[in-house]
Amino acid sequence: MQFEHTDKVKALIARLEAFMDAHIYPNEDAYHHFVHDPANLWQEWPGMEDLKAKARAEGLWNLFLPHEYGEFSPGLTNLEYAPLAEIMGRVPWSSQVFNCSAPDTGNMEVLAKYGSPEQQAQWLTPLLNGEIRSAYVMTEPQVASSDATNLELTILPDGDDYVLNGRKWWISGAMHPRCDLFLVMGKTLLDNPRHAQHSTIIVPRSTPGVTIVRNQTVFGSMNSPGGECELKFENVRVPKSNLILGEGRGFEIAQGRLGPGRIHHCMRSIGQAQRALEIMARRVENRVAFGKKLSDQSSIRQDVARSYCEIEMARLLTFKAADQMDRYGNKVAKDLIAAIKVVAPQMAQTIADRALQAHGGMGVSDDTPIAYFFTLNRYLRIADGPDEVHMSQLGKQKIREYNQQNAR
Ligand SMILES: Cc1cc2nc3c(=O)[nH]c(=O)nc-3n(C[C@H](O)[C@H](O)[C@H](O)COP(=O)(O)OP(=O)(O)OC[C@H]3O[C@@H](n4cnc5c(N)ncnc54)[C@H](O)[C@@H]3O)c2cc1C
């Protein structure tokens, strides 16, 4: 067991931190004010392309893509990527600067892993170049989508095409001005067993019949420039060559996509928790109430200590899950991925809550990133599968496993 990063990772951490110090933290206020100004709704912050070009020139690009994707990948393992994603997570929008942001990363992995050479040339290459963005289109308003076998949108063959009909909602990034591509999951083989009915297909956003029904808010925010949207698909026609992998293979693709996507979110959540704790530590050292610095109150010290312990636990669990993914594949690592998906956002939400409380009224404002970290991690406990679903599957698996062992 090795508890130190390799020299290669230490060097990357130093380069990424230097980039964050030079280009990301100094732009946080400008970014925040731009995207929250209603006049700029659905527009990208003007500094983004310049920072992307700088990050790419410095080799801080597509770091998320695991080493097995050869020519597409900068060659990092999941374990090597984990501390880098944590650093990016400290400023959530910064992931896009390094072409490492959700939902593009998961979609790129799908296309790299399962896409045909033609699909890769048309869609993966511009995604890897950061020229376009994408959305993953799964959840539906009329069915409980945490059980994806419920999904009802139809993807049915008709001549040389597939035709899509149905509704989706909570689709992140669909409003982004560069979003050109939807990966849509729906039903094709209606008479097959429940896990073999669904397919995943590429739908260019501009295809006739795709309508944005409304923009959905998250705790009152439009989340511009990407947003969350409810979508209607009405006789949407795309060529058969847009189907990924084959009819009825949608679950296979969703599993392949969500494993890495989930752990990336967790890595970033740890970055948010760590930053919230650091901001809290500085605040309590400089604030005096009832004749004492807040940092001299034992309840505050306990909050800091407990938060430190919880971050360390979650970070180690993330590293372990990432290491298992690298050694044995996402399928074998699924229990640890489920565990960290439950642990990390909950931990980050709790720590943001403590940091928020220690700031008094300022905590709920946008004067620090803490309130955003709180809401972001709250919804991450629902997005990519609610906590209860992961715990239900994990609990079932552990009960089965421990009953198969000899009683000791
Ligand atoms: C901000 C945000 C962004 C999102 N982005 C995307 C996106 O880009 N693309 C996309 O397709 N979807 C996206 N989603 C949707 C998200 O993945 C779904 O909301 C989630 O999978 C839950 O599905 P549902 O909303 O239909 O809830 P339901 O399936 O109706 O479940 C509701 C609740 O029931 C409970 N529950 C469910 N199953 C169990 C169980 N087995 N045991 C106990 N309790 C249970 C859970 O508490 C769950 O939260 C996003 C959601 C949010 C909030």
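Which element gives the largest share of the lining of the second largest pocket? In this predicted model, the answer is α9, with 8 residues.

The second largest pocket has a volume of about 670 Å³. Its lining comprises 18 residues. Nearest the centre of this pocket lie Met1, Gln2, Leu79, Phe319 and Asp323. Two elements give two or more residues to the lining: α4, spanning 78-89, and α9, spanning 298-328. By class, the lining of the second largest pocket holds 7 nonpolar, 5 polar and 6 charged residues. Domain 1 and domain 3 each contribute at least three residues to this lining.

The domain assignment divides the protein into domain 1 (7-128), domain 2 (133-244) and domain 3 (251-404). The C-alpha centres of domain 1 and domain 3 are 21 Å apart. Their contact involves 27 residues of domain 1 and 26 residues of domain 3. About 2,200 Å² is buried between domain 1 and domain 3. Carbon and sulfur atoms give 56% of that area. On the domain 1 side, Asn78, Glu86 and Arg90 supply 29% of the area buried against domain 3. No other three residues supply more.

Charged pairs also span this interface. Side chains of opposite charge can pair when their charged atoms come close. The salt-bridge rule finds 26 salt bridges in the model. Across the interface of domain 1 and domain 3 it finds 3. Glu86, one of the three residues named above for buried area, forms a salt bridge with Arg315 at 2.8 Å, N to O. Glu86 belongs to helix α4 and Arg315 to helix α9, so this pair ties together parts 229 residues apart in sequence. A salt bridge also joins Arg275 and Glu28. The closest N and O atoms of Arg275 and Glu28 are 2.8 Å apart.

Enclosed space was examined next. The model contains 2 cavities of 30 Å³ or more. The second largest cavity holds about 30 Å³ of space. Its lining consists of Ala82, Glu86, Met267, Ile270, Arg315, Thr318 and Phe319. Elements giving two or more residues to this lining are α4, α8 (250-285) and α9. Here too α9 gives the largest share, with 3 residues. The lining of the second largest cavity has 4 nonpolar, 1 polar and 2 charged residues. Both partners of the Glu86 and Arg315 salt bridge appear in the lining of this cavity. Phe319 lines the second largest cavity and is also among the residues nearest the centre of the second largest pocket.

The largest cavity contains about 40 Å³ of space. It is lined by Lys52, Gln96, Asn99, Ser101, Asp104, Gly130, Ile132 and Arg133. These lining residues divide into 1 nonpolar, 4 polar and 3 charged.

Helices α4 and α9 thus recur in the results. Both give two or more residues to the lining of the second largest pocket. Both do so again for the second largest cavity, along with α8. The salt bridge of Glu86 and Arg315 links α4 to α9.

Key:
Residues numbered from 1 in each chain as written. Predicted model: local features only at pLDDT ≥ 70, side-chain atom pairs only at ≥ 80, totals over all residues. Heavy atoms only, no water. 1 Å grid on protein atoms, 1.4 Å probe; cavity = no way out; pocket = protein on both sides within 12 Å on 5 of 7 lines; lining within 4 Å. Points joined across faces, edges and corners; volume = space filled by probe spheres on them. Helix = DSSP H or I, 4+ residues; strand = E, 2+ residues; numbered from the N terminus. Nonpolar A, V, L, I, M, F, W, Y, C, P; charged D, E, K, R; others polar. Domains from an automatic or database assignment. Contact = heavy atoms within 4.5 Å. Buried area = accessible area lost by both parts, 1.4 Å probe. Salt bridge = Lys/Arg side-chain N within 4 Å of Asp/Glu carboxyl O.
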